[in-house]
Amino acid sequence: MLTNEQIIGQALDRIEAGYVFPEKVVDIGAAIRRRLAAGEYDDLDGPVLCETVTAHLQEACPDKHLRLLWVDEPQSLDPADEDDGRAAFLALLIAENQGIRRVEHLDGNVGLIDVRRIADADGGARAIGAAMQLVAHSSALLLDLRACRGGSPEGAAMWCSYFFRDDQVHLNDIYERSTGVTRQFWTTAHLPAPRYTDRPVYVLTSATTFSGGEDVAYTLQAHGRGVVVGETTRGGAHPTARYAVTEHILVTVPTARAINSVTGTNWEGVGVVPDVPVPADRALDTALKAALGRIEA
């Protein structure tokens, strides 16, 4: 059984080897090791240790994806099984209808899609298309991301693709530290449902909206294709790898960063700031009123 010192040491090794901003790892490591030497982690058990170290990691470097996580389900420690995280995510998406909670047709011919996770583009394409087909003839759309906690960058690009005319829109880039390669994300050429253009789109957000959900909100806002209504989001813009340190403790390491093609930056640490700031529980009514006003104008 590993000691807390060994757990933290292994987590820091992963961060130092893979964090997308290598110039910051010295300060991160020094801050945590200083607390370790002072005995601040000596008497902490698993979940509390993870919460405490995470708070100190993010104090040293305000990156919402830089975390030590406790999981109740035992994890494999075999490096060959690290891809199981992706397999588990894909299985979760299948169980959760590819992240699509509901689709509704509201009064005034306004469509509503409630998205809780951003599906992988391959596995989620048909479900995303089915949702977009159901709102294809609406006069305005409310894309509800208030409870969306993340997902796939490729899936985020697919969702965004529906709101542009063709495949000629450069949405954003993702820079990978491990390879030094920057991947470009453009709108998708072929979609399984009609594109949703020339009609208003309102994106609903909350302080819970995170990662892949923020990607969709930020991209549509930056490109002038969606009006964001609600609360400032959590602020996690870095694609992240997860590594098992023990059977119950994972370290999450941001290994890449998003770069929006319009702003040249992203929402890390600051969140997506709404165009119409209102409490999350009022965002739907506010956006619906605005949508109806534009339809009737």
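**Exercise 1.** How many nonpolar, polar and charged residues does the lining of the largest cavity have?

*Solution.* The model is a predicted one.
Step 1. List the lining: Ile8, Ala11, Leu12, Ile15, Ile32, Val53 and Leu57 surround the largest cavity.
Step 2. Sort by class: seven of these residues are nonpolar, with no polar and no charged residues.
Step 3. Assign the residues to elements. Helix 1 and helix 3 each give at least two residues to this lining, and helix 1 has the largest share, with four residues.
Step 4. Add the volume: the space in the largest cavity is about 30 Å³. The count of cavities of 30 Å³ or more comes to one.

**Exercise 2.** Describe the second largest pocket by volume, lining and contributing helices.

*Solution.*
Step 1. The second largest pocket holds about 190 Å³ of space.
Step 2. Its lining has 14 residues, and Met1, Leu2, Ile7, Thr246 and Ile249 lie nearest the centre.
Step 3. By class, eight lining residues are nonpolar, four are polar and two are charged.
Step 4. Helix 1 (4-18) and helix 3 (46-60) each contribute at least two residues to the lining of this pocket. Helix 1 and helix 3 each do so for the largest cavity too.

**Exercise 3.** Which members of the largest nonpolar core touch the most other members?

*Solution.*
Step 1. The core has 41 residues, and those touching the most other members are Ile113, Met132, Leu143, Trp159, Phe163 and Val216.
Step 2. Among the elements giving two or more residues to this core are strand 3 (110-115), helix 5 (121-134), strand 4 (140-144) and helix 7 (212-222).
Step 3. Take Ile113 as an example. Leaving aside residues up to four places away in sequence, Ile113 touches residues including Ile100, Met132, Leu141, Leu143 and Trp159. The contacts of Ile113 also include Arg102 and Asp144.
Step 4. A second core, separate from this one, has 25 residues, among them Val25, Ile32, Cys50 and Val245.
Step 5. For context, nonpolar side chains tend to be buried together in soluble globular proteins.

**Exercise 4.** Is strand 4 mostly covered or mostly uncovered?

*Solution.*
Step 1. Buried means under 20% relative accessible area. Five of the five residues of strand 4 are buried, so the strand is mostly covered.
Step 2. Split the strand by face. In a regular strand, side chains alternate between the two faces of the sheet. Ala140, Leu142 and Asp144 are on one side of strand 4, Leu141 and Leu143 are on the other, and all are buried.
Step 3. Find the neighbour: strand 3 runs parallel to strand 4 and is joined to it by five bridges. Asp114 has Asp144 of strand 4 as its bridge partner.

Definitions and conventions:
Residues are numbered from 1 along each chain as its sequence is written. This is a predicted model: local features need pLDDT of at least 70, side-chain atom pairs count only at pLDDT 80 or more; totals for chains, interfaces and linings use all residues. Side-chain values use heavy atoms; hydrogens and water are left out. On a 1 Å grid over the protein atoms alone, a cavity is a set of points where a 1.4 Å probe fits but cannot get out, and a pocket is an open set with protein on both sides within 12 Å along at least five of seven lines; lining residues have an atom within 4 Å of a point. Grid points are joined across faces, edges and corners, and a volume is the space filled by probe spheres set on the points. Ala, Val, Leu, Ile, Met, Phe, Trp, Tyr, Cys and Pro count as nonpolar, Asp, Glu, Lys and Arg as charged, and the others, Gly among them, as polar. A nonpolar core is a set of buried Ala, Val, Leu, Ile, Met, Phe, Trp, Tyr and Cys residues joined through side-chain atoms within 4.5 Å. Buried means under 20% relative accessible area, exposed over 50%, partly exposed in between (1.4 Å probe, protein chains only). Contact means heavy atoms within 4.5 Å. Two strands pair if DSSP finds at least two bridges between them.
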